[in-house]
Amino acid sequence: MSEKNRLELPSGGWAVFKDPKTLRVKDRKKVIRNANGQEGLLQALSLIDGLIAILVEEWSFEMPIPSVKITALEELEMADYDAMAEEAGKAQKILFPQLAKTDATEADVDSPFGKSSD
């Protein structure tokens with residue numbers, strides 16, 4: 001697998017993502033710091049923003065990449081943000097394997113993924 005992945009976005013723009021397998025512990029800490037102090041849904045969104053920020057190395061938009069100015073993500077069209085969030089989900093499984101959705105977490109009634117019967 002390539003160390004970089006160009007993601008074509010619904011708006012016609014693009015973003016170049018690092019291969020999540022190249023991430024380090026320092027990257028995990030950056031994501032956690034970004035979400036620190038948030039609660040509930042805002043914390044989840046902050047985690048996604050942090051993941052996107054550590055992964056996007058360049059993009060076609062006329063604004064700084066998220067690692068330089070994370071609020072740039074707020075200016076994206078929803079479909080572009082959602083596409084980037086989906087791509088960033090691959091990194092979440094690597095950086096935070098304990099949060100990955102598995103058969104065991106789905107069966108666990110205390111899991112953040114809910115009951116398997118839902």
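Is arginine 6 buried, partly exposed or exposed? Arginine 6 comes out as partly exposed, because its relative accessible area is 46%. For that label, buried means under 20% relative accessible area, exposed means over 50%, and partly exposed lies in between (1.4 Å probe, protein chains only).

Before going on, a quick word on the model. It is predicted, so local features need pLDDT of at least 70 and side-chain atom pairs count only at pLDDT 80 or more, while totals for chains, interfaces and linings use all residues. Residues are numbered from 1 along each chain as its sequence is written, and side-chain values use heavy atoms, with hydrogens and water left out.

**The overall layout**

The protein has four helices and three strands. Here helices (H or I, at least four residues) and strands (E, at least two) are DSSP runs, numbered from the N terminus. Walk along the sequence and you meet them in the pattern β-β-α-α-β-α-α. There are 118 residues in the protein, and 36% of them are buried.

Take the contacts (heavy atoms within 4.5 Å). Among those between residues at least 6 apart in sequence, 51% join residues at least 24 apart. As for the outside, the accessible surface is about 7700 Å², and carbon and sulfur atoms hold 51% of that. Such areas come from the Shrake-Rupley method with a 1.4 Å probe; for residues, only the protein chains shown count as cover.

**Salt bridges**

A salt bridge is a side-chain nitrogen of Lys or Arg within 4 Å of a carboxyl oxygen of Asp or Glu. By that rule, the count is two.

| Salt bridge | N to O distance |
|---|---|
| arginine 6 and glutamate 8 | 2.8 Å |
| glutamate 87 and lysine 90 | 3.1 Å |

Let's start with glutamate 8, which sits in strand E1 (residues 4-8). Besides its bridge to arginine 6, glutamate 8 is in contact with Gly13 and Trp14, leaving aside neighbours within four places in sequence. Its C-alpha is also 8.8 Å from that of alanine 83, although the two are 75 residues apart in sequence.

Now for the other bridge. Glutamate 87 and lysine 90 are separated by about one helical turn, because they are three residues apart in helix H3. What about their exposure? Glutamate 87 counts as buried at 12% relative accessibility, while lysine 90 is partly exposed at 45%.

**Patches on the surface**

Patches are made of residues with over 30% relative accessible area and no salt bridge: like charges are joined within 9 Å, and nonpolar side chains (Val, Leu, Ile, Met, Phe, Trp, Tyr) within 5 Å. Lys and Arg count as positive and Asp and Glu as negative, while His and the chain ends are not counted. The place of a charge is taken as NZ of Lys, CZ of Arg, CG of Asp or CD of Glu.

Which residues form the positive patch? They are Arg24, Lys26, Lys29, Lys30 and Arg33. Arginine 33 belongs to helix H1 (residues 25-35), and it is exposed, with a relative accessible area of 58%.

There is a nonpolar patch too, made of Leu41, Leu42 and Leu45, with about 300 Å² of accessible area together. Leucine 41 lies in helix H2 (residues 40-55) and counts as exposed at 64% relative accessibility.

**Two more residues to look up**

Glycine 50 is also found in helix H2, but this one is buried, at 4% relative accessibility. Not counting residues up to four places away in sequence, glycine 50 touches Val31, Asn34 and Ile70. Its C-alpha atom is 9.3 Å from that of alanine 88, with their positions 38 residues apart along the chain.

Methionine 63 sits in the loop between strand E3 (56-59) and helix H3 (78-95). At 24% relative accessibility, methionine 63 is partly exposed. It touches Ala72, Glu75 and Leu76, again not counting residues up to four places away in sequence. Leucine 73 is ten residues from methionine 63 along the chain, and their C-alpha atoms are separated by 9.6 Å.
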